[in-house]
Amino acid sequence: METKRFNFPETVPLVQWECGTIRVRNSRVSLDTIVIRTRMGDTVKRIHSGFPTVSVSQIKEILAWYEDHKAEADEYLQQREAEGERIRQWIESQPGYKERHEKLLRCRDELRRRKAQLSKV
């Protein structure tokens, strides 16, 4: 699937990497992250507190661009989600995945149990 290419105006702090990923200029924070956090109900300030390398004004500019280009941006985001799902399915289909995954879950649960015991002391 060919990733849509965008040309962002200088006023919009987004860049599209060669691989097709759209990120905030001079950071690794993706457009996906900002849009998803907004959809989850996070405020601009809360997004900034979670990703302090992206300024409040950058987040506002990105969200304004997103609203003005919603149809094409949503198409891009849907492609990214589909690609992520394809990769997840491939990973889960690898030999030994289920056993390794279950072992990690057991280890996680054991760490949580130990942490809970330590907090009682």
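These legends walk through several close-up views of a predicted model.

**View 1. Helix α1 meets helix α4.**
Start with α1, which covers residues 31–39, and α4, which covers residues 70–92. The two pack at an angle of about 100 degrees, and their axes lie 11 Å apart. Angles from 65 to 115 degrees count as roughly perpendicular, so that is how α1 and α4 sit to each other. On the α1 side, the contact is made by Leu 31, Asp 32, Val 35 and Arg 39. On the α4 side, look for Asp 74, Tyr 76, Leu 77 and Arg 80. Sorted by class, this contact has four nonpolar residues, four charged ones and no polar ones.

**View 2. Helix α1 meets helix α3.**
Now turn to α3, the helix of residues 56–68. What angle do α1 and α3 pack at? It is about 85 degrees, with the axes 11 Å apart. That makes α1 and α3 roughly perpendicular. From α1 come Leu 31, Ile 34, Val 35, Thr 38 and Arg 39, and they meet Ile 59, Ile 62, Leu 63, Trp 65 and Tyr 66 of α3. By class, the α1 and α3 contact has eight nonpolar residues, one polar and one charged.

**View 3. What covers α1, and what comes after it.**
Which residues of α1 are buried? They are Leu 31, Asp 32, Ile 34 and Val 35. Their cover includes two strands, β1 (14–16) and β2 (22–24), along with the helices α2 (44–50), α3 and α4. Leu 31 and Val 35 have already turned up in the contact with α4, and they also appear in the contact with α3. Following α1 is Gly 41, and its phi is positive, near 100 degrees.

**View 4. A cluster of aromatic rings.**
How many aromatic pairs does a search of the whole structure find? The answer is four. One of them joins Phe 6 and Phe 8, with 5.7 Å from centre to centre and 10 degrees between the planes, and this pair is stacked. Phe 6 is buried at 11% relative accessibility, and Phe 8 is buried too, at 16%. Phe 8 also pairs with Trp 65, this time edge-to-face: the centres are 5.0 Å apart and the planes 65 degrees apart. This pair links distant parts of the chain, since Phe 8 belongs to the segment before β1 and Trp 65 to helix α3, 57 residues apart. Trp 65 is buried, with a relative accessible area of 5%. Together, Phe 6, Phe 8, Trp 65 and Tyr 76 make up one aromatic cluster. Two of these residues have come up before: Trp 65 in the α1 and α3 contact, and Tyr 76 in the α1 and α4 contact.

**View 5. Gln 58, in helix α3.**
Stay with α3 and find Gln 58. Is Gln 58 buried or exposed? Its relative accessibility is 18%, and since buried means under 20%, Gln 58 counts as buried. Leaving out its neighbours within four places in sequence, Gln 58 is in contact with Pro 13, Val 24, Arg 25 and Thr 53. Val 24 belongs to β2, one of the strands in the cover of α1's buried residues.

**View 6. Asn 26, out in a loop.**
Where is Asn 26? Look in the loop between β2 and α1. Its backbone has a positive phi of about 60 degrees, although Asn 26 is not a glycine. Asn 26 is also exposed, with a relative accessible area of 76%.

**View 7. Two cysteines, and a glutamate for comparison.**
Cys 19 is exposed, with a relative accessible area of 57%. Cys 107 is partly exposed, at 39%. A disulfide is a covalent bond between the sulfur atoms of two cysteines. How many disulfides does the model have? With a cut-off of 2.5 Å between the sulfur atoms, the count is zero. Glu 75, in helix α4, is partly exposed at 42% relative accessibility. Glu 75 and Cys 19 are 56 residues apart in sequence, and in space their C-alpha atoms are 16 Å apart.

Methods
Residues numbered from 1 in each chain as written. Predicted model: local features only at pLDDT ≥ 70, side-chain atom pairs only at ≥ 80, totals over all residues. Heavy atoms only, no water. Axes fitted to C-alpha atoms, helices over the stretch in contact; angles between N-to-C directions. Helix = DSSP H or I, 4+ residues; strand = E, 2+ residues; numbered from the N terminus. Parallel < 35°, antiparallel > 145°, perpendicular 65-115°, else oblique. Contact = heavy atoms within 4.5 Å. Nonpolar A, V, L, I, M, F, W, Y, C, P; charged D, E, K, R; others polar. Buried < 20%, exposed > 50% of the residue type's maximum accessible area, 1.4 Å probe, protein only. Phe/Tyr/Trp six-rings, centres within 6.5 Å; stacked < 30°, edge-to-face > 60°.
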